[in-house]
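Trainee: I have this model open on my screen and would like a close look at one part of it. Could you walk me through one strand and its neighbours, and then through the charged contacts elsewhere in the chain?

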Amino acid sequence: MTSYMSSAPSVTNLWTTPNNVIQLADMVSTESYHLLSGKKTLIFSLRPTKSFPLSLTQMKIRVPRTLAFASAKGKGKAESGVEAIVGDNKSSTERNWSFDFPESKAEFCLVDSEAYQNLSSVLEKLNALRSHLLAAKKWNASRLQSCDSKYLECATNLIHYMALRSLDTEQLNNYLASLGLSSLDNDNNLSVLSNLDATINLLMKSPMESWKQQKGNKIIEKNDKGRVLSSYKESLLLGKLREGKKTHIMVTVGKEATESETFITDILKAGASVIRINCAHGDPTLWGEIIKRVRRTSQMLEMPCRILMDLAGPKLRTGTLKPGPCVMKVSPKKDAYGNVASPAIVWLSVTETEPPAHLSPDATIFVQDQEFLAGLQIGDSVRLYDARGKKKKLRISKEFDVFSSTGFVAECFDTAYVEPGTELCVKGNKGRRLFGEVVDVPPKESFVRLRVGDLLVITREGSFDEPSVTVPGAHRLTCPSGYLFDSVKPGETIGFDDGKIWGTIKGASPAEVIVSITHAGPKGTKLGSEKSINIPQSDIRFKGLTSKDIKDLEYVASHADMVGISFIRDVQDITVLRQELKKRKLNDQLGVVLKIETESGFENLPLILLEAMKCLNPLGVMIARGDLAVECGWERLANLQEEIMAICKVARMPVILATQVLESLVKSGVPTRAEITDAANGRRASCVMLNKGKHIVEAVSMLDTILHTKLIYKKQESENLH
């Protein structure tokens, strides 16, 4: 009898040692005809290698530690029984394995290296690998049985993929590539087992028979079925794609969506098909107004648009700073000598009347009196005394009709500070006089500017007004979460605002945390209200859903199409989510987007997906690259993103690529070259998300062009070839 052994690396089990071999012929008896008999023994061996590049540690998918498959007895019957074979012949029947990816990985090798050149030995490897995949499926039968029927095929394919990835198949893939065949873990093959079967069938046939077989092959049909299933699940979650589109575009919106009558219309026309609302900001009144405008505009334009509402989650954030003064600076552009090069452009109108989309003013001044605006004429000079008591002047240059109101463009040639209550006066011909008053000047955003070497004291929210006696003169902020003060330790690193600022914790108490700033911009970096706080080294254990999340879930369920679950860490978080959805009878109505933004969420992703597949709800995954990079390290982000996309693809799970896509374009109006190529990678995702900014409409339009422009090769004329 010839035995075949396959191995997955470093499994932790109380009843086994690294050299244990489990004979599992009974588990694959129905597939034993795939195993080829021969004189050589095929072995999967372990040897130290470089660390697994994707760091999938503690992956508790049940995969055999080591498999020894026996050739068939009689008519397709394999040896029965499960026997542990170890050096001292002691046995164990324990089979609840804890699968692990350590500093070494499994590798194929042959006792006789020359046999690798023999096609039959490659087939032996492939058949042993196939049996390994089937055994992994049987070992995870309980997980598969608990999945909803519409996710069963997805879950099975995911388990096959993880079983395949537990082995190093590099040499085997190189050999297949030399024959012109695709690699076994090629992410273009949606069905792992079908791809393996296709490879085996092609190698067992002659080249001519293989060519004839390909067109009608059931394996190809199954991969096509996988692609259809994947597209179907995308449409369930994100909605049907518009004609000619292959990728959805999601846009995060906030208060700005309610301040302009044309904002939602503009971004939908530019290509957006999903609107995202972050429940960490605003309140139900604001959310309701945004949703009303989106629904109305979508129906009017006949452009379907779904709404995703992200629950805030247990994220650590800076507290709310006291608002700054309500004053607006209006400043013209000056040259190198300080002379005015061009005036500041000011939009003058009644409250909530926004300028036309093509106009980008430097400042917006709202006036309380409609009569004042009605009497203005082009060429008028509007006089005022600014907040410093200095006399200033605005010159009216253009007039625009905006819906039922009128707005004006004015030019300002001198710096002015305008505050609420500022009086505006126009003296015209024939004694014409107009008076108006400035209203609704927003408060200045409060912040602290941190430089390298500065000390920052973070206090519990509610104690901000108490004077600090520990570090006089240090910058001070609050944090509303008690997790920060209960868990951190001196020496741990701490990051702020998605890693723009870094520091080291110098001291911690139940009321204060003292931080020494180690990284900031050359001129300092601003840190304001509700900015993220990350402590990668700390073992903070958050609740999956906070009390605020559960309260907001009620609102989301009745107003949105999808809910985003932030900071998913493990299976327990999904269990809590399923209970809350079931309690509210939302088992199949509300789409669920799992946001992967922590290292534990990444490491547990396969198990998280399998647990989520117990739900009836449409599912998807968001790669939240902001916190993910801070938590796991910038240099690992690219690999993490690739691995998440690969896992989700085999699980037929829609993927949303998020954070800093075309950020320079959104903020400044000019993209970087790296941003363009990053955005183009979004073609592999189901949806790409843009964050809000001043130039968001232009960014949506450019992203739509990048995602849906086909590369066409023109055939050169023969006479032009040299």
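Mentor: Happy to! Keep in mind that this is a predicted model. Start by finding Met622, which stands opposite Ile656 of strand S33. Met622 belongs to strand S32, residues 619-624, and S32 and S33 pair in the parallel sense over four bridges. Now look to the other partner of S33. Strand S34, residues 687-690, also runs parallel to S33, and two bridges join them. Here Ile656 turns up again, this time opposite Cys687 of S34. So Ile656 is a handy landmark, with Met622 as one opposite number and Cys687 as another.

What covers the two faces of S33, residues 655-658? Val655 and Leu657 are buried on one side, and Ile656 and Ala658 are buried on the other.

Next, step along to Arg625, which lies in helix H16, residues 625-632. Is Arg625 buried or exposed? Its relative accessibility is 9%, so Arg625 counts as buried, the cut-off for that label being under 20%. Arg625 also has a neighbour from elsewhere in the sequence: its C-alpha atom is 9.5 Å from that of Asp498, although 127 residues separate the two along the chain.

Now for the charged contacts. How many salt bridges does a search of the whole structure find? The total is 27, and I will pick out a few of them.

One is between the side chains of Asp561 and Arg295, at 3.1 Å from N to O. This pair links distant parts of the chain, 266 residues apart: Asp561 sits in the loop between helix H12 (547-559) and strand S30 (562-565), while Arg295 is in helix H9, residues 284-301. Asp561 counts as partly exposed because its relative accessibility is 23%, and Arg295 gets that label at 32%.

Another salt bridge brings together the side chains of Arg578 and Glu611, at 2.9 Å from N to O. Again the pair links distant parts of the chain: Arg578 is in helix H13 (residues 571-583) and Glu611 in helix H15 (residues 605-612), 33 residues apart. Arg578 is partly exposed at 26% relative accessibility, whereas Glu611, at 9%, counts as buried.

For a contact inside one helix, go to H18, residues 663-668, where Lys667 and Glu663 lie four residues apart, about one turn of the helix. Lys667 forms a salt bridge with Glu663, and the closest N and O atoms are 3.5 Å apart. Lys667 is partly exposed at 47% relative accessibility, and Glu663 is partly exposed too, with a relative accessible area of 27%. Elsewhere, salt bridges that share partners join Glu261, Glu289, Lys292 and Arg293 into one network.

Finally, turn to the surface. Lys329, Lys334, Lys444, Arg449, Arg451 and Lys526 gather there in a patch of positive charge. Take Lys334 as one example: its place is in strand S12, residues 333-334. With a relative accessibility of 46%, Lys334 counts as partly exposed. That value also lets Lys334 qualify for a patch, because patch members need over 30% relative accessible area.

Notes
Residues numbered from 1 in each chain as written. Predicted model: local features only at pLDDT ≥ 70, side-chain atom pairs only at ≥ 80, totals over all residues. Heavy atoms only, no water. Patch = residues over 30% accessible without salt bridge, like charges linked within 9 Å, V, L, I, M, F, W, Y side chains within 5 Å. Areas by Shrake-Rupley, 256 points an atom, 1.4 Å probe, with all protein chains shown as cover. Salt bridge = Lys/Arg side-chain N within 4 Å of Asp/Glu carboxyl O. Lys, Arg positive; Asp, Glu negative; His and termini not counted. Charge placed at Lys NZ, Arg CZ, Asp CG, Glu CD. Buried < 20%, exposed > 50% of the residue type's maximum accessible area, 1.4 Å probe, protein only. Pairing = 2+ DSSP bridges.
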